[in-house]
Amino acid sequence: MKKPFLLFVLLALPVTFSLSSYALRVANTLVLLGKLPSLVEESSGLELADQPNTYWTHNDAGNEAVLYKINEKGKLLSQLQVNGTENKDWEDLAQDTKGFLYIGDMGDNGNRRKDLRIYKMSMKNGNRVQVLNFTYADKPKGKIEKEARNFDCEAFFWHANHLYLISKDRGQSKTAKLYSLPDTPGTHVAKLLAKKDFPGQVTSADLSPDGRNLAVLTFGKVYLYPVAAGSTQFFSKAPKVLELPRSGQVEAVVFKNNKTLIISNEEGSLYRYSL
């Protein structure tokens, strides 16, 4: 008699997670914080600003080369014109531990750009801008057929004097490629480090302040990869999949701290996700 009773109890318990063949899926804790200002028409990147609970964001391709400082309710605090730059297709932001902000002008929907670049901006020394130009080590010459278009990058993060880029697979939406390049100005070739079977298209990424978790954003989900202390094997362990229902076209993610993500979408909403 004990076995049927136990089975009944187990079936009656609330299910807060389920195992898939890919990863552990966890319950949602997404909270809407507010709406972004009307000047931010297509938020495509997020990074911590210089005061608690404030953030830098920017618009997508073809807009002004401006960073917008917002608070956690989405209120506009200030604007910063990034002189000497062009917003051809700004896609993400990153920040190092020395006071530099990195602006990724590297969106390339058609995989045709020959002017991929990252702006390195001093936030402590007059907002001076330097440029990192780069190409991909594995990108073939000539036209890339639609199904092979995996050289658009809308996600990157900084770690230990290097920038790490994650591709957006516009051809088949099934493979993410991880690249690295030094964080120094000049012309570089982004080194291919890994390929990962990955469902969906990557729109942003960030590494936690302690370096122990990598958040990779796609439409409707965050893939949270655990990272060993001091390791750069960012895709070596199975991720948790954080569901983001009714979150729209999410395009930017940043760690507020080791336990909290801030996320924005192109529709102008700002969210918090507590890990």
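The following exchange asks how several descriptions of this predicted model are arrived at.

User: What makes some parts of the model less suited to detailed reading, and where are they?

Analyst: The protein chain averages a pLDDT of 91, and 90% of the residues score at least 70. Over residues 1–22, however, pLDDT stays under 50, and the model has 18 contacts beyond four places in sequence for that stretch. Where pLDDT is low, the predicted coordinates should not be read in detail.

User: What is the overall make-up of the chain, in helices and strands?

Analyst: The protein chain has 1 helix and 22 strands. Of its 275 residues, 51% count as buried, a label that requires a relative accessible area under 20%. The chain exposes about 13,200 Å², of which carbon and sulfur atoms supply 53%. Among contacts between residues at least 6 apart in sequence, 48% join residues at least 24 apart.

User: Why are β4 and β7 said to stand at the edges of their sheet?

Analyst: The sheet in question is open and has 4 strands in the order β4-β5-β6-β7, with antiparallel pairing. Strands β4 (45–48) and β7 (76–81) each have a single partner strand, so one side of each is left without a neighbour in the sheet. Neighbouring strands of this sheet are turned by 25° against each other on average, direction ignored.

User: How do you know that β6 and β7 are paired?

Analyst: Pairing calls for at least two bridges between the strands, and 5 bridges join β6 (residues 66–71) to β7, the two running antiparallel; therefore they count as a pair. Within this arrangement, leucine 67 stands opposite leucine 80 in β7.

User: What makes β8 a largely enclosed strand, and how is β8 joined to β9?

Analyst: Of the 6 residues of β8, 5 are buried, so the strand is largely enclosed by the rest of the structure. With β9 it runs antiparallel, joined by 5 bridges, and tryptophan 90 stands opposite aspartate 105 in β9. The hairpin of β8 and β9 has 4 residues between the strands, and in this hairpin glycine 99 takes a positive phi near 95°.

User: Why is the contact between lysine 88 and aspartate 115 called a salt bridge?

Analyst: The closest N and O atoms of lysine 88 and aspartate 115 are 3.0 Å apart, and the rule asks for a side-chain nitrogen of Lys or Arg within 4 Å of a carboxyl oxygen of Asp or Glu, so the pair qualifies. Lysine 88 lies in the loop between β7 and β8 (90–95), and aspartate 115 in the loop between β9 (100–105) and β10 (117–122), so the salt bridge ties together parts that are 27 residues apart in sequence. Both residues belong to a network of salt bridges that links Glu86, Lys88, Asp105, Arg113, Asp115 and Arg117. By the same rule, the count comes to 13 salt bridges.

User: How do you know whether lysine 88 and aspartate 115 are buried, exposed or partly exposed?

Analyst: Partly exposed covers the range between under 20% and over 50% relative accessible area. Lysine 88, at 38%, is partly exposed, and aspartate 115, at 25%, also counts as partly exposed.

User: Why is glutamate 154 called buried, and what does its salt bridge with arginine 170 join?

Analyst: Glutamate 154 has a relative accessible area of 2%, which is under the 20% limit, so the residue is called buried. Its salt bridge partner, arginine 170, counts as partly exposed at 27%, and the closest N and O atoms of the pair are 3.1 Å apart. Glutamate 154 lies in strand β12 (residues 152–159) and arginine 170 in the loop between β13 (162–168) and β14 (175–182), so the pair ties together parts that are 16 residues apart in sequence.

User: What makes the phi angles of asparagine 127 and alanine 160 worth a remark?

Analyst: Most residues other than glycine have a negative phi. Asparagine 127, although not a glycine, has a positive phi of about 60°; this residue lies in the loop between β10 and β11 (129–136) and is partly exposed at 30% relative accessibility. Alanine 160, likewise not a glycine, has a positive phi of about 50°; alanine 160 is found in the loop between β12 and β13 and is partly exposed at 42%.

Notes. Residues are numbered from 1 along each chain as its sequence is written. This is a predicted model: local features need pLDDT of at least 70, side-chain atom pairs count only at pLDDT 80 or more; totals for chains, interfaces and linings use all residues. Side-chain values use heavy atoms; hydrogens and water are left out. Axes are lines fitted to C-alpha atoms, for helices over the stretch in contact, and angles run from 0 to 180 degrees between N-to-C directions. Buried means under 20% relative accessible area, exposed over 50%, partly exposed in between (1.4 Å probe, protein chains only). Contact means heavy atoms within 4.5 Å. Accessible areas come from the Shrake-Rupley method with a 1.4 Å probe; for residues, only the protein chains shown count as cover. pLDDT is the predictor's confidence in each residue, from 0 to 100.
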